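Please take a look at the structure shown here, and follow the paragraphs below from the whole chain down to single residues.

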Amino acid sequence: MAHRFTDLSALRAAGFDAIIDVRSPSEFAEDRLPGAVSMPVLSDAERAEVGTIYVQDSPFRARKIGAALVARNAARHIEERLMGEGGGWRPLVYCWRGGQRSGSFTSILQQIGWRAEVLDGGYRTWRRHVVAGLYDAELPFRVIRLDGFTGTAKTDVLKRVGALGGQVLDLEGLARHRGSILGDIDGAQPAQKGFESALVEALEGLDPARPLLVEAESARIGALRLPPALWVAMRDAPRIVLEAAPEARARYLARQYAGLVADRGGLTRRLNGLRALAGHATVDGWLGLLEAGETEALARGLIEAHYDPAYGRLRREDGSPVIARLEAGALDVASIEATARAVLALPDFAKSG
């Protein structure tokens, strides 16, 4: 039996006990259905080998070799990962297009007695759903941007607004990047397709009738592009602007980048990458502060010579309306709490609560 995908909520409502991705590990790493687990029936090397034989030698020989490999890998998954499942277990299995890989694995599971089904159209049905939502239509949300100079604790305020019941979208969290030249400190970013899948999953859990708070970003976060529907909604959205004194921002940034400062070599490489923008003398001064352990002074130097000039140019080009300007204070825990509550007290949020 093939399960036809309509949307993510319908898929979840179908009540499958597991969603199994039988594509190769590299395909799974790039993107997959939300909640899927990887049980590849062909490794990357095996998939390449079978494909080469199919094109250069014989499709029939490729199918024989592929079938043997699929059976062998399926047996391993059953022995190592599925022996504990009961007779009523109901998994949904998919490959790239709902073809031989998922069909073969599903048939084996069905022969055992499990109520396995194939996702009709495979991963491609999910990818079409993602593209339709992020490229082919407008987002059905009233977006409000949380804006402010670097170091005004926008991300922390955003998260606290969410914890207090506001509706938020944490783009930097989904992108695993803090959005600045020093932002790539949280491990590797997802692939573009994986980022877009995470966006769709997050958006489908939100209420279009309520305002959606997002942090002001450029069209890129690290190496990732914001999809057109989201970028247009953000570009035209009104703003809440956070403001704080440079010394408070420097203290905040010094705390936020403590882990990066500990990696002296990594931070040195990042700062050296700013020489073309900031000049050799300025970067040499920053490196001297880093060597001396003057992290707040280093943060203040970055604010004055790099962050604020760059952000100031963007602000002058931004003609979107400002809903409110909020003083973020000392940018400590108490100040972030107070700022988050001030956001939620604004009419745009209070009337939707």
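The accessible surface of the chain comes to about 16700 Å², an area obtained by the Shrake-Rupley method with a 1.4 Å probe, where for residues only the protein chains shown count as cover; carbon and sulfur atoms account for 52% of that surface. This is a predicted model, in which local features need pLDDT of at least 70 and side-chain atom pairs count only at pLDDT 80 or more, while totals for chains, interfaces and linings use all residues. Residues are numbered from 1 along each chain as its sequence is written, and side-chain values use heavy atoms, with hydrogens and water left out.

Of the 353 residues in the chain, 45% are buried, where buried stands for under 20% relative accessible area, exposed for over 50%, and partly exposed for what lies in between (1.4 Å probe, protein chains only). The chain holds 18 helices and twelve strands, taken as DSSP runs numbered from the N terminus (helices H or I, at least four residues; strands E, at least two).

An open sheet of five strands follows the order β7-β8-β6-β11-β12, with parallel pairing, two strands being paired if DSSP finds at least two bridges between them. At the edges stand β7 (168–169) and β12 (322–327), each of which has a single partner strand, so one side of each is left without a neighbour in the sheet. Strand β11 (residues 239–243) pairs with β12 in the parallel sense over five bridges, and V241 stands opposite R325 in β12. Helix α17 (residues 333–345) packs on the sheet, where it touches β8, β11 and β12, and its direction makes about 155° with that of β12; such angles run from 0 to 180 degrees between N-to-C directions, with axes fitted as lines to C-alpha atoms, for helices over the stretch in contact.

Elsewhere, helix α3 (residues 44–56) has E46, V50 and I53 as buried residues. They cover an arc of only 65° around the axis, which puts them on the same side of α3, the arc being that of the directions from the helix axis to the C-beta atoms. What covers these buried residues includes α4 (59–82), whereas the face turned away from the buried side carries the exposed residues A45, V55 and Q56.

Finally, R225 is found in strand β10 (residues 224–225) and counts as partly exposed because its relative accessibility is 41%. Leaving aside neighbours within four places in sequence, R225 is in contact (heavy atoms within 4.5 Å) with Y135, Q192, F195, A219 and R220.
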